[in-house]
Structures are given as structure tokens and as C-alpha cells.
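Here is a short note for a colleague opening this entry for the first time. Please keep the 3D view open while reading the points below.

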Amino acid sequence: MTPPEQSHTAPPPPPTESVPATDAAATANRSPWLWTSLVLGVATTVAIVSSALLWQRLNNIQQQLARQSADSHGQAVEARTIARQAEDVARDMSSRMSVMEARVGEVALQRGQLDALLQSLSRSRDDNLVVETESAVRFALQQAQLTGSADPLVSSLKAAQLRISRASQPSLAPLSHAIARDLDRIATTKTLDTSGILARLDDLIRQADELPLQNDVAQASATRRVNARRTAAPAKDGESSEAEASRPWWQSALATTWEATRDEARRLVRVRRIDYPDAALVSPDQAFFLRENLKLTLLNARLGLLARQTQASRNDLSAATQLVNRYFDATSRRTQNVASLLQQVQLAMRDVDPPRADDTLAALTTAAAGR
């Protein structure tokens, strides 16, 4: 049903008048769609072309990726092969290195054993040299103390120095230097002339029986007279001999008688100073024992010298000097000779040290302790 308003509508315009307007409107309505369709077609074409290009590029990329993947797979396979070969080579080298290390260890062990053996041999040789040198030096010291001569010690030190120089061991250089110092010190040290001192002591023992005592008046006066003649007349020997030859015999006899009478008169009364009163009271029997005591004292000094008891020998010589100065006539030439010999012997035995080798013994001790 149509509404009632439609029956009163105006009739449509005539067709002759509305045809141009409809074409223009249709043309006007068709133009945007045409442009839109054209743009869409161009866009679609561009999209299709782009898609084709992208697909072709993607296909190329896929092919390139496939080739690269194939190449990578081949390289991986080759790398795995090379890795296996390297692993085999490394395993082989490791086994060889293990064998070589074992051999090097064996060689090092053998070398260490050889070095230890050489050091042991060298040490044993050096130790034997040190021990033999020490024993030789100590034995030479004993001989030097017994004989009083430094010759045994010097010979032993020189022989030890020669052996050390032949050994050519740097560790024994301090010992060689110590031996050289001891040799220099022994060469400059004053030694005791034992044979000369013994000869002097024997001479003193022989002269003990001929020494005049202080209370021997006749012997003392004769000694003084002889000494007075010797001191007063040596310058006039030629003149006195000519005067005696020119004098007649009776004057010579008278002079001799006068001298004998004067000596006898002097014997009657004498005034002397005796520092030791015991010397004036010595009887002939006591004089014999006094001389024997003097000889025994000198013999003790001789035995002490032979036994290398230097201090005891010095004490005996001091006692003998006191006996000579106290009981025997100091104006006698024999007493003066004996006193002079005693003084010479005491001076010869003074400040004489036995030969020693302290530096050598210290170096030997250090060498023995260091080994």
C-alpha cells in the first residue's frame, strides 16, 4: 500500500528534457570510481610486482642460505674430520710425550744418582785428605814438642800444602791459606837451640868442681893477685919482661920473697864483707855437698829441657844462679864465667814459644765440620 500522499505528487518530467542531465551526472559519478579503480589497479600491479620481486629475492636468499648451509655443513664435516685427525695426533703426541717424560725422568734420576756418586767420591776423597792432614799435623806437633825443633812441623805443613794444591778443590782453599800463614809465623818465630843449651849446661856441670868458695881464703887471695896482675900489667908486659931480664937474680929473688911474705901477712888478718853469713861457715865437707847440689840443680835443668818442661828448667837455672852468687867467690874468673854462662842460658830460654799450627788446626776443624 502506498501512502495517500503519493497520489497527489507531480508527474515526472518529460524524458526529452532529463537525458542530458542524467548522462552528465552519470559521467560525474563514474569519474571518481574510474580514478579509484585505476589507482587500485596500479597499486595492485605495483604490489604484485613488489611481491614478485620480494619472492624472487627471498628465493635467492633461500638458495644462498641453502648453499651456505651446505657449505657450512661441508666445512663442519671437514672440521670434524680435521678435529678427529688433530685429536688422534694429539693423542699420539700425548703418548709420545708421556714416553719422553718417562725417559727424561729416568735420565734425570740417573744423572742425580751419578752426581750423588761423584759428590760422594769427591767428599770421601776430600774427607780423607782432611783427616790425613790433621793426623799428620798433630803427629808433627808432638814431634816438635818432644824434639824442640820446628822441622817436623814445617815438613808436615809443606807436604799437606802440596797435596791440597794437587787436589785443586776450591773448598780446601781456606786450609791452604791457613797453612801458608802458619809457615810464615813459624819461619819468623824464635826456636829453642836445645843442643847449644845442653852443651852449655854440660860445661857448667864440669866447671862446678873448680869453682872457689867465698871462705876459701888462700884461693881467693891467689885469685885476686892473679886478677890484679892481669888487670895492672897487660899494658906493661913488654916493659916488665925487659926490666926483669935486666935486673940481677938477687933482686928478683928478693922481690919474690917480699911478695910471698906480704901475702902471708895479709892472710893473718882479713876484713871482708859477706852478704850471706852462711857462706863463711861452709866446711870442706859442706863444700863438697854444695858443689854436688849445684851439679844436681844443673842436671835437673838439663832433664827439664829434654822433657820440654821449660818453666821447671828456668826455675832450676835461677836456683843455680842463686847458689853461685851466694856461696862462690864472685871475684874469681871461673865464677864470673859460670855466672855469664848461666845468664846466657837463661836468656836463650826466655820468650821461646813451642812451634804451633793454630790456624791450620782451626781450618781443619772447620773443613771437617762443613762436610
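1. Start with a pair of helices. In helix 2, the residues L153, V154, L157, K158, A160, Q161 and I164 meet a set from helix 3. That set is L175, S176, I179, A180, D182, L183 and I186. By class, this contact of helix 2 with helix 3 splits into 10 nonpolar, two polar and two charged residues. Keep in mind that the model is predicted.

2. Now the geometry of that pair. Helix 2 covers residues 151-167, and helix 3 covers residues 173-188. Their axes come within 10 Å and cross at roughly 155°. Angles over 145 degrees count as roughly antiparallel, so helix 2 is roughly antiparallel to helix 3. The crossing of helix 2 and helix 3 is left-handed.

3. Step back to the whole protein. How many helices and strands does the protein have? There are 12 helices and zero strands. Read along the sequence, the pattern is α-α-α-α-α-α-α-α-α-α-α-α. The protein has 371 residues, and 21% of them count as buried. Take the contacts between residues at least 6 apart in sequence: 82% of these join residues at least 24 apart.

4. Helix 1 runs over residues 15-147, and T133 lies in it. Is T133 buried or exposed? Its relative accessible area is 3%, so T133 is buried. Leaving out residues up to four places away in sequence, T133 touches A160 and L364. A160 is also one of the helix 2 residues that meet helix 3.

5. Helix 4 deserves a look on its own. It spans residues 194-207, which is 14 residues. From its first C-alpha to its last it reaches 20 Å, close to the 20 Å expected at 1.5 Å a residue. Which residues of helix 4 are buried? They are T194, I197, L198, L201, L204, I205 and Q207.

6. Helix 4 packs against helix 11, which covers residues 333-348. The two axes come within 10 Å and cross at roughly 155°. That angle makes helix 4 roughly antiparallel to helix 11. Helix 4 passes helix 11 in a left-handed crossing.

7. Which residues make the contact of helix 4 with helix 11? Helix 4 brings I197, R200, L201, D203, L204 and Q207. Helix 11 brings R334, N337, V338, L341, L342, Q344, V345 and A348. Sorted by class, the contact has eight nonpolar, three polar and three charged residues. Check burial on the helix 4 side too: I197, L201, L204 and Q207 are among the buried residues of that helix.

8. Helix 11 also packs with helix 10. Here the angle is about 160°, and the axes are 10 Å apart. Helix 10 and helix 11 are therefore roughly antiparallel to each other. Their crossing is left-handed.

9. Look at the residues of that second contact. Helix 10 places L317, S318, A320, T321 and V324 against T335, V338, L342, V345 and Q346 of helix 11. The contact of helix 10 with helix 11 divides into six nonpolar, four polar and no charged residues. V338, L342 and V345 of helix 11 meet helix 10, and these residues also take part in the contact with helix 4.

10. R326 is worth finding in helix 10, which covers residues 310-327. Its relative accessibility is 32%, so R326 counts as partly exposed. R326 and L213 are 113 residues apart in sequence. In space, C-alpha to C-alpha, R326 and L213 are 9.3 Å apart.

11. Last, E292 in helix 9, which runs over residues 284-306. How does E292 rank for exposure, and why? E292 is partly exposed, because its relative accessible area is 26% and the class between buried and exposed starts at 20%. E292 and A208 are 84 residues apart along the chain. The C-alpha atoms of E292 and A208 are separated by 8.1 Å.

How values were computed
Residues are numbered from 1 along each chain as its sequence is written. This is a predicted model: local features need pLDDT of at least 70, side-chain atom pairs count only at pLDDT 80 or more; totals for chains, interfaces and linings use all residues. Side-chain values use heavy atoms; hydrogens and water are left out. Helices (H or I, at least four residues) and strands (E, at least two) are DSSP runs, numbered from the N terminus. The expected span of a helix is 1.5 Å times one less than its number of residues. Buried means under 20% relative accessible area, exposed over 50%, partly exposed in between (1.4 Å probe, protein chains only). Axes are lines fitted to C-alpha atoms, for helices over the stretch in contact, and angles run from 0 to 180 degrees between N-to-C directions. Angles under 35 degrees count as roughly parallel, over 145 as roughly antiparallel, 65 to 115 as roughly perpendicular and the rest as oblique. A crossing is left-handed if the near helix is turned anticlockwise from the far one by less than a right angle, and right-handed if clockwise. Contact means heavy atoms within 4.5 Å. Ala, Val, Leu, Ile, Met, Phe, Trp, Tyr, Cys and Pro count as nonpolar, Asp, Glu, Lys and Arg as charged, and the others, Gly among them, as polar.
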